[in-house]
Amino acid sequence: MPQHRNKTVVQAFNLVPVVEQALSDRPKTEVSCLAAADRCMYIGTQCGLIIYYQVEENKSPLGKIVYQSKVKGRIQLGADKRKPVQQLTVVPHQKRLVAMVDGVLYVMHMSTLELFDTGQRVSRIQCYCVNECRSAQTSQTASSTFELILAPQRKKLIQQYALSGDKMVHLKDYTLPDPAVTMARDGGSVCVAVSPSGQDDGRYVTVNIHENGKIMDLVPYDSGTKPIVKRTNKGEFLVNTGTFGIIVFASGISKRPPVDWSRMPPSAATYKFPYIVAWSELTAQIHVFNILDQRCVQEIPFPGGRFLGDLNGKVYGGMDRSIYVLPYVPLRDQVSNLLDRQLVEEAVLLAETITAVEAAKEKESPEAYMNEVKQRAAFIYLGNGRYSEAEALLVECGADPREVIVLFDDLLPAASTFKSKGNKIHGIPSIQALATVGQLSLVEAKKFLIRYLKDVRTTPLVQGRREDVDTSLVKLLAEERSSSLIPYIENHDLYIAFEETKAILDKYKCHHALGLLYYYSNQASKALNIWTRISDEELTDKDFPGFGYIVDFLSKYTVEEVVFQYSEWALKRDEELATNIFTERTEQLNSDQVLKFLSPFKTATVSYLEHIIHGQGSKEERYHTKLAGYYLDTVLALSEEGSQSSMRLGAARQKLLEFLESSSHYHAPQLLSKVQDSDLHRECALLYGRMDEHEKALTLLAHKLKDYKQAEEYCRLYSQDRSRQYRQNLYQTLLRVYLLPRDKDHSTLIRPALSLLNSHGGHFDGAQVLELLPPHYVS
């Protein structure tokens, strides 16, 4: 006999003796079949003997189930004592026992074993079956009839009989394609294994006795295979094809993949959800298959096996001389056993099956049970370093994240009130302990925890637990110096234990993060103190964005006292960039106050003035005059430096001229006093123009600068949007400047005058022009 390695995964069944050495007085016979009802058990033997036992079920002091049996009667059936009892059936509601020996059907009293004359001899029977539908069994009363389906030997039919009291009554026959070998019934459906015919294999069919024997062809079975038919559920049967065990509906449909038992061909099989229990004489074992994944999950040694069946709701097995019951381990106990052995996938699969069944039966809390199983499974994965599987189950089962956090030393805040369930859901002492013995990597475990906490911290799982979760997460990120620490603090509404977090950030020199912690705790001054120290290189932190970060922060911060306090430091460090504190603000400060503050910083003052004039559109004279004054001072200072600053001087003068030309809000006399004695003639001209002293302005342009084009442009500029008379006067003034110089240093400018007249003749009064022109030009 082939030897098979025990491959038990699930402890679904045990093997418990019920009757041992039942035939000790008859050494040459063995068990052939079995029947049971309530406390009554009937053993059929290979020599036609039926032994009736009364069986008591009790519990030992250790809580184990034990059985005590006592012989209550015996009966020998059949003339030839070498013929076995082929089938036994108890009919409790009629107190009858039905037996078949050598193809003959016997009916007797189930207590006295007294034989009854049924009124007709039923013989030459191949097999019989009864209605195994639970509703039919429970609805029967003492007065109701009991139906049997008989299969005569070598005949292509089955017969329907009714047993009522002592009498057997033939009801109807149903045709088969070939003689029956074995069969089983559920309600109106009879599943029959018909014998092979000629070269054809045998096959399974269903006969619907409620529809006049309508036949449905199911599946074939290999020749040489022992056919098996066993009812599993309503309208559903287990059949043996030789290679596979198939659960098929009476309609011919199979909704589950088949079980491959080709290496352990069964001699008998039965069903106990979610398992097929099969006994193989070849392997001398009972094999338990899970119909959910079709795997063999348990093997039980069964030497000398003679019988296996589901009787009275229990699975029984008969060996040569002993009877055993296979108590079904409750499904939840099976799941717990699988988890204890760290068979996680099997445990979760079985638990999901339990949950689906209990939900269908509307039992309470199947979801809570499933979550409990997944939580235990998740911690098994975690302890084995299977982090992605652990996280998935933790989220699915809605586990309290603190149950994971508490496994890591010193992460939960000291003030946390959390009480762990500990050993009730896992056996992990701590992650550090597992890392110490090399079971997992502490670094990888902490990376997992960071991912997990980030994923769940915004979900309902963290409701009421935010401080514990956020504080733990910040501690982990700080220790790892994670690049996500800063964005995390910046972008989340944190609930943290402040003092502990501050200590951790300080310990791991996360200075910028500490500054952010202060800021989000309404301590901006302390935050700025840290950031300025980093910028001044008193502290180091690669995560600090740099000086510009402080400038940007101050440009948005609304507490003026703090803004001015740290702006002075910023201006001293980088005056140009620090000006952005005031020029890019969303909340405006008092401009006069800012200018007073900026007065020691010329560059910043000029930039701020440009901002309030050009950016904010201010028309305040004092601001325009102040800005023009700064531009003028710059030009004068560069003029004194000589040729080395010629390029800078050109740019400065251009800026001053553009401002003097574009702005009409500065106080020209104040500026003129600074420039009157210089050689900045164009600037003087513009200032005279703003004072409406056009003749002085045009004299400078025409005689000092000899820039006749600019003189004409001056007239155009200052006459724009003015009256016709004003334009005539302005152009007439320029012509007079050209033709009537007021001192000896100024010569007459005839050529520019004629050009002016040719270009802008429409702006002149002819009579006044004739008065100005020299006589020889008029004649």
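This passage looks at three helix pairs, one pocket and two backbone details in a predicted model.

Two packed helices are described by the angle between their axes and the distance between the axes. Take α3 and α4 to begin with. The axis of α3, which spans residues 344–360, comes within 9 Å of the axis of α4, and the crossing angle is roughly 175°. An angle over 145 degrees counts as roughly antiparallel, so α3 and α4 fall into that class. On the α3 side, the residues that meet α4 are V344, E345, A347, V348, A351, E352, I354, T355, E358 and A359. Their partners in α4 are P366, E367, Y369, M370, V373, K374, A377, I380 and Y381. Sorted by class, this contact comes out as 13 nonpolar residues, five charged ones and one polar one.

Helix α4, covering residues 366–383, also turns up in the wall of the second largest pocket, where α4 and α2 (331–340) each put in at least two lining residues. The largest share of that lining is the four residues from α4. The pocket itself holds about 270 Å³ of space. Its lining runs to 17 residues, and those closest to the pocket centre are Q342, I380, H426, G427 and I428. I380 is thus a residue with two roles here: it lines the pocket and belongs to the α4 side of the contact with α3. As for the make-up of the lining, nonpolar and polar residues stand at seven each, with three charged residues besides.

Further along the chain, α25 (residues 708–719) packs against α26 (residues 724–739), the axes coming within 9 Å and crossing at roughly 160°. That angle makes the two helices, α25 and α26, roughly antiparallel as well, and their crossing is right-handed. From α25, the contact draws on Y708, A711, E712, Y714, C715, R716, Y718 and S719. From α26 come Y726, R727, L730, Y731, L734 and Y738. The tally for the contact between α25 and α26 is 10 nonpolar, three charged and one polar.

The pairing of α5 with α8 has another geometry. Helix α5 takes in residues 387–396 and helix α8 residues 442–456; their axes lie 10 Å apart, at an angle of about 30°. Since angles under 35 degrees count as roughly parallel, α5 is roughly parallel to α8. The crossing of α5 and α8 is right-handed. Y387, E391, L394 and V395 form the α5 side of the contact, facing E444, A445, F448, R451, Y452, D455 and V456 of α8. No polar residue takes part in the contact of α5 with α8, which splits into seven nonpolar and four charged residues.

That leaves the backbone. Most residues other than glycine have a negative phi, and most peptide bonds are trans. Two spots in the model depart from this pattern. R154 is not a glycine, yet its phi is positive, at about 60°. R154 sits in the loop that links β10 (146–152) to β11 (157–164). The other spot is the peptide bond from F273 to P274, which is cis, with omega near 0°. P274, too, is a loop residue, placed between β21 (268–272) and β22 (275–280).

Key: Residues are numbered from 1 along each chain as its sequence is written. This is a predicted model: local features need pLDDT of at least 70, side-chain atom pairs count only at pLDDT 80 or more; totals for chains, interfaces and linings use all residues. Side-chain values use heavy atoms; hydrogens and water are left out. On a 1 Å grid over the protein atoms alone, a cavity is a set of points where a 1.4 Å probe fits but cannot get out, and a pocket is an open set with protein on both sides within 12 Å along at least five of seven lines; lining residues have an atom within 4 Å of a point. Grid points are joined across faces, edges and corners, and a volume is the space filled by probe spheres set on the points. Ala, Val, Leu, Ile, Met, Phe, Trp, Tyr, Cys and Pro count as nonpolar, Asp, Glu, Lys and Arg as charged, and the others, Gly among them, as polar. Axes are lines fitted to C-alpha atoms, for helices over the stretch in contact, and angles run from 0 to 180 degrees between N-to-C directions. Angles under 35 degrees count as roughly parallel, over 145 as roughly antiparallel, 65 to 115 as roughly perpendicular and the rest as oblique. A crossing is left-handed if the near helix is turned anticlockwise from the far one by less than a right angle, and right-handed if clockwise. Contact means heavy atoms within 4.5 Å.
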